[in-house]
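These are my notes on the model you sent round. They are set out as numbered points, with helix packing before the core and the single residues.

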Amino acid sequence: MERKWWQDKVCYQIWPKSFQDSNGDGVGDIPGIIARLDHLKGLGVDILWLSPVYKSPLADQGYDIADYRGIDPRFGTLEDMDRLLAETKRRGMYVIMDLVANHCSDEHPWFRKALADPEGPYGRYFYFRKGENGAPPTNWRGYFGGSVWSPVPGRKDLYYLHLFCEKQPDLNWQNPAVRREVMEMVNWWLDRGVAGFRIDAIVNIGKPERWESFAPDRPDGLADCRKMLADPVARRRLHTYLGQLRDEAFAPHDAFTVGEVFDTDPAELSLFIGRGGFFSSMFGFSAACWGKSPKGWYAAKKPGPDDYRDCAFASARQAAGIGFLSNIIENHDEPRGVSHYLPEEAASDPRAQKALAAVQMLLPGLPFLYQGQEIGMTNTVFPSIDGVDDVNTRGEYAAALAAGLSPAEALARVAPMSRDNARTPVQWTDGHAAGFTAGTPWLPVNPNYTRVNVQAQDGVAGSVLEFYKQLISLRKNDKYKEALVWGGFAPVHQEQPGLAAFVRDGGGRRLLVASNLSGGEQRLELPGAAGAVLLCSDGAPALAHGVLTLAPWQAAVVELA
Ligand code: TEU
């Protein structure tokens, strides 16, 4: 595999609105990020992914962009952004931005001009279609529920397409002028010093030739819009556009790019992240997709530690020899990983949080942490649906009600999946608003902040935060890098419930990573003679007669002779 500058790095996602507020308005901002760079440097992370900070009405929290070259005043200014780039550079860190180009905001000048004249040049930046007999052109349901079509105000029977919310009109990538706008914008940021992009919802940019309704798949009479993405013409178009992005923007800058690509066909992995692929990396979402139901969140099954292990291992094997997947246990769209993958009674147990961390951080691929993960932040509590901000959660709540659930049941079922779980403010201290803001936070702080916060863990032996630091420094240690970054991967005793173990080998070294993801003891026969114990989450593991015994929720890394 070709060696690239970003492969031995550790990445960290910042969701700016909830990271750190600097001016007391209750909303996180870029100066707040700058103020916390030393925390991130101390943790050992290198590449910071900033969720959108562009000018936006924040209908989907910035994933609805009104000006691709402007910073939203709530987050700061372009000067603040330049300062962030300089301050990260000074610390040997990199910033990647979020490229949200499947759609823009309905408040973007392009869409305003398009609405004023749908038949004009800006009309061709979007998808306008005529309905039939008062009904929208197709019966596609959007990602957040409801039709993907909204009527154009003042125009009889004309609709515009939005796969996400109605304030996120889809951009028409078939129009070369749109692609030129995107290429120029991406190059503008890369020239400014951004190291690359996380590429949002990108599989949606290839649209099919024929726009047809599908058989309804829910009581609402609509059908999942994702069905049209499988169309061969849509796929071919997607590949063409991604090739253009790579050739005209990413490759000339040697940018680091990570695609948000769900449900990838394993046969296409090499096209996406192989040598000369569209992206540097893409997220391995198999664990995040586990248990999801076509009916909606209310019908989703909660995964357990073994499901996480099996998904993660399967993805690692698929990518072996091809490229680097990006490994997550959570992001701004998912529940907190410790709440989602650990059994309920263990989600807040630092031992269990560390055992899960060891697996994620030492798998092949690139580790991505999400803000607050490093201190074991958990899902929050939802007293009522009125307190939910997220447009996605509100759509899923409506789907649960439509399926006949009572309001209380609907809330109880969608709450564990809500995107607001990951969007509560980062817990820095046990003081006012967890040290996130001097004012009132835009979304309530998770009530567990008095116990779970950075201040309580920083420099404290045995804390989740200190364990993440150890994992990161082990991955970066020159002695073990060949094995942990570029080396092979072989699962060990995967059939053993509650155990996640694997061997990483390279540069003449073999390391066993063994995590006990259960509340009972785990014993495993070592696949080789035991050498030094490089790391242990709690205490020391018991090693005798070629057998490793792990205490409940204990994780260890052992060098094999
Ligand atoms: O997400 C794309 C996407 O497919 C999501 O709808 C995902 O399925 C859902 O959030 C899971 O809960 C990206 C961004 O990550 C998300 O925050 C945006 O809302 C979305 O694109 C639209 O830009």
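1. In this predicted model, helices α11 and α15 are roughly parallel to each other, because their crossing angle of roughly 20° falls in the class of angles under 35 degrees. Helix α11 covers residues 350-362 and helix α15 covers residues 464-476, and their axes come within 10 Å. The crossing is right-handed.

2. The α11 side of this contact consists of Pro-350, Gln-353, Lys-354, Ala-357, Ala-358, Gln-360, Met-361 and Leu-362. Facing them in α15 are Val-464, Phe-467, Tyr-468, Leu-471, Ile-472, Leu-474 and Arg-475. By class, the residues of the contact of α11 with α15 are 11 nonpolar, two polar and two charged.

3. Helices α12 (residues 391-402) and α13 (residues 407-414) pack with their axes 9 Å apart, at an angle of about 135°. The pair is therefore oblique: roughly antiparallel would require an angle over 145 degrees. The crossing of α12 and α13 is right-handed.

4. On the α12 side, the contact with α13 is made by Thr-393, Glu-396, Tyr-397, Ala-400 and Leu-401. Helix α13 contributes Pro-407, Ala-410, Leu-411 and Val-414. The contact of α12 with α13 comprises seven nonpolar residues, one polar and one charged.

5. A further helix pair is α3 (residues 78-90) and α5 (residues 176-192), whose axes cross at roughly 55° and come within 11 Å. That angle makes α3 oblique to α5. From α3, Leu-78, Met-81, Asp-82 and Leu-85 meet Trp-188, Trp-189 and Arg-192 of α5. Five of the residues in the contact of α3 with α5 are nonpolar and two are charged, with no polar residue.

6. Met-81 also appears in the core. The largest nonpolar core has 155 residues, and those touching the most other members are Val-45, Met-81, Val-186, Phe-197 and Phe-250. If neighbours within four places in sequence are set aside, Met-81 contacts Ile-30, Leu-50, Val-53, Ile-71, Val-95, Met-97 and Trp-189. Another core, of 14 residues, lies apart from the largest one and includes Leu-499, Ala-501, Ala-514 and Leu-560.

7. Two backbone values may be worth a look. Gln-61 is not a glycine, yet its phi is positive, near 55°. Gln-61 sits in the loop between β3 (54-55) and β4 (67-71). With 6% relative accessibility, Gln-61 counts as buried, because buried means under 20%.

8. Asn-133, also not a glycine, has a positive phi of about 45°. Its loop runs between β6 (128-130) and β7 (140-141). Is Asn-133 buried or exposed? The relative accessibility of Asn-133 is 80%, so Asn-133 counts as exposed, the cut-off being over 50%.

9. Lys-113 belongs to helix α4, residues 109-116. Its relative accessibility is 42%, so Lys-113 counts as partly exposed. That value lies between the limits for buried, under 20%, and exposed, over 50%. How far apart are Lys-113 and Tyr-125 in space, C-alpha to C-alpha? The distance is 9.9 Å, with their positions 12 residues apart in sequence numbering.

Terms used: Residues are numbered from 1 along each chain as its sequence is written. This is a predicted model: local features need pLDDT of at least 70, side-chain atom pairs count only at pLDDT 80 or more; totals for chains, interfaces and linings use all residues. Side-chain values use heavy atoms; hydrogens and water are left out. Helices (H or I, at least four residues) and strands (E, at least two) are DSSP runs, numbered from the N terminus. Buried means under 20% relative accessible area, exposed over 50%, partly exposed in between (1.4 Å probe, protein chains only). Axes are lines fitted to C-alpha atoms, for helices over the stretch in contact, and angles run from 0 to 180 degrees between N-to-C directions. Angles under 35 degrees count as roughly parallel, over 145 as roughly antiparallel, 65 to 115 as roughly perpendicular and the rest as oblique. A crossing is left-handed if the near helix is turned anticlockwise from the far one by less than a right angle, and right-handed if clockwise. Contact means heavy atoms within 4.5 Å. Ala, Val, Leu, Ile, Met, Phe, Trp, Tyr, Cys and Pro count as nonpolar, Asp, Glu, Lys and Arg as charged, and the others, Gly among them, as polar. A nonpolar core is a set of buried Ala, Val, Leu, Ile, Met, Phe, Trp, Tyr and Cys residues joined through side-chain atoms within 4.5 Å.
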